[in-house]
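Here is a short report on how helices and strands fit together in one chain. Please keep the sequence and the model side by side as you read.

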Amino acid sequence: MTDEQERVQPSGVWATSVGVARVRALETERENALFRDPLARAFAAAGGLWPSSPPLPDDEAARRRRLAVSFSIVIRTKFLDDLLRRACASGVRQVVLLGAGMDSRAFRMDWPEGTRLFEVDTAAPLGFKTSVLRQERAVARCERITVAVDLRDDWPGALAAAGHDPTEPTAWIAEGLLIYLPEDAVELLLAQISRQSATGSRMGLTLGSRGVIERFGADAVPGSAASMWISEMPDDPVAWLAGHGWEARSHTLRECAAAYGRPLSSPPQREERPGGLISAVRR
């Protein structure tokens, strides 16, 4: 039986990572791409989203919302890429991707010698990903370790068993993850991360900005990413993270997009609040 025949098709929350891969594949094809992800197209194709995808909605407001989500994926990917490069430059050699999905940073980024990258996710997306990577004959550029565990279970124990050393600094990435978790689960996850983070650890988070569920989820198509969003960021994410021992900075999509040469052409429709792109250092 071939990898394609054995491959479990995406479903539930983890299926959204295939949609993210499609967005990254489209960005990769741009002449002025903010990043290049040569595996993204293969992930999207394996999940049935390449070369075509479901048509954009006829409703203009829904179409704009969908394009806005795609834009945010591109900006957050660049933001977290840069965060990881800074972490490595500071001497961090452990990276943990929580809810890794179709993230291909182990394969597409240049890593310092001795870097160990842990991909934490459930067995289904990791199995799907493995079959595509095998098909593409992809070779990781660092030591890549997969940890098949549900984040509702004892993932810290599974991570430790896989070789993570909490006495050494770690770069943690939770990209497009927390918005799918209830608030108490977000608090627990952050507490678990903090307990395993030595001084000098780094963290990159993407949080649903205030009001995003009302704007995007109210009339979301059942099964779409927005239909599964349930958690927004605190009013003051910097203070929230300080309470967990992190020195954080909050960045808006608008300011990051401008810094990357992709400024938003439309003026803000509401007062700018703390942004949902978070960089933090463990003190």
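## Where α2 meets α4

In this predicted model, four residues of α2 touch α4: Val20, Val23, Arg24 and Glu27. On the α4 side, the contact is made by Ser70, Ile73, Val74, Arg76 and Thr77. The residues of this contact are mixed in character: 4 are nonpolar, 2 polar and 3 charged.

How do the two helices cross? Helix α2 covers residues 16–28 and helix α4 covers residues 60–89. Their axes come within 10 Å and cross at roughly 75°. Angles of 65 to 115 degrees count as roughly perpendicular, so that is how α2 and α4 stand to each other.

## The sheet

The sheet is open and has 7 strands. Their order is β3-β2-β1-β4-β5-β7-β6, with mixed pairing. Which strands stand at the edges? They are β3 and β6 (246–251). Each has a single partner strand, so one side of each has no neighbour in the sheet. From one strand to the next, the twist averages 15°.

Strands of a sheet pair through backbone hydrogen bonds, in either a parallel or an antiparallel sense.

## β2 and its two partners

Strand β2 spans residues 116–121. It is mostly covered, with 5 of its 6 residues buried. Strand β1 (residues 94–98) runs parallel to β2, and 5 bridges join the two. Within this pair, leucine 97 stands opposite glutamate 119 of β2.

β2 also pairs with strand β3 (residues 143–148). This pairing is parallel too and extends over 6 bridges. Here arginine 116 has glutamate 143 of β3 as its bridge partner. Between β2 and β3 the chain passes through helix α6 (residues 123–136). This β-α-β crossover is right-handed.

## β4 and β5

Strand β4 (residues 171–174) and strand β5 (residues 202–206) run parallel. They are joined by 4 bridges. One pairing matches tryptophan 172 with methionine 203 in β5.

## Helices across the sheet

Which strands does α4 lie across? They are β1, β4, β5, β6 and β7 (277–282). Helix α4 runs at about 175° to β5. Angles over 145 degrees count as roughly antiparallel.

Helix α6 lies across β2 and β3. It runs at about 145° to β3. Thus α6 both links β2 to β3 along the chain and lies across these strands.

Notes
Residues numbered from 1 in each chain as written. Predicted model: local features only at pLDDT ≥ 70, side-chain atom pairs only at ≥ 80, totals over all residues. Heavy atoms only, no water. Axes fitted to C-alpha atoms, helices over the stretch in contact; angles between N-to-C directions. Parallel < 35°, antiparallel > 145°, perpendicular 65-115°, else oblique. Contact = heavy atoms within 4.5 Å. Nonpolar A, V, L, I, M, F, W, Y, C, P; charged D, E, K, R; others polar. Buried < 20%, exposed > 50% of the residue type's maximum accessible area, 1.4 Å probe, protein only. Pairing = 2+ DSSP bridges. Right-handed = clockwise from strand over helix to strand, strands pointing away.
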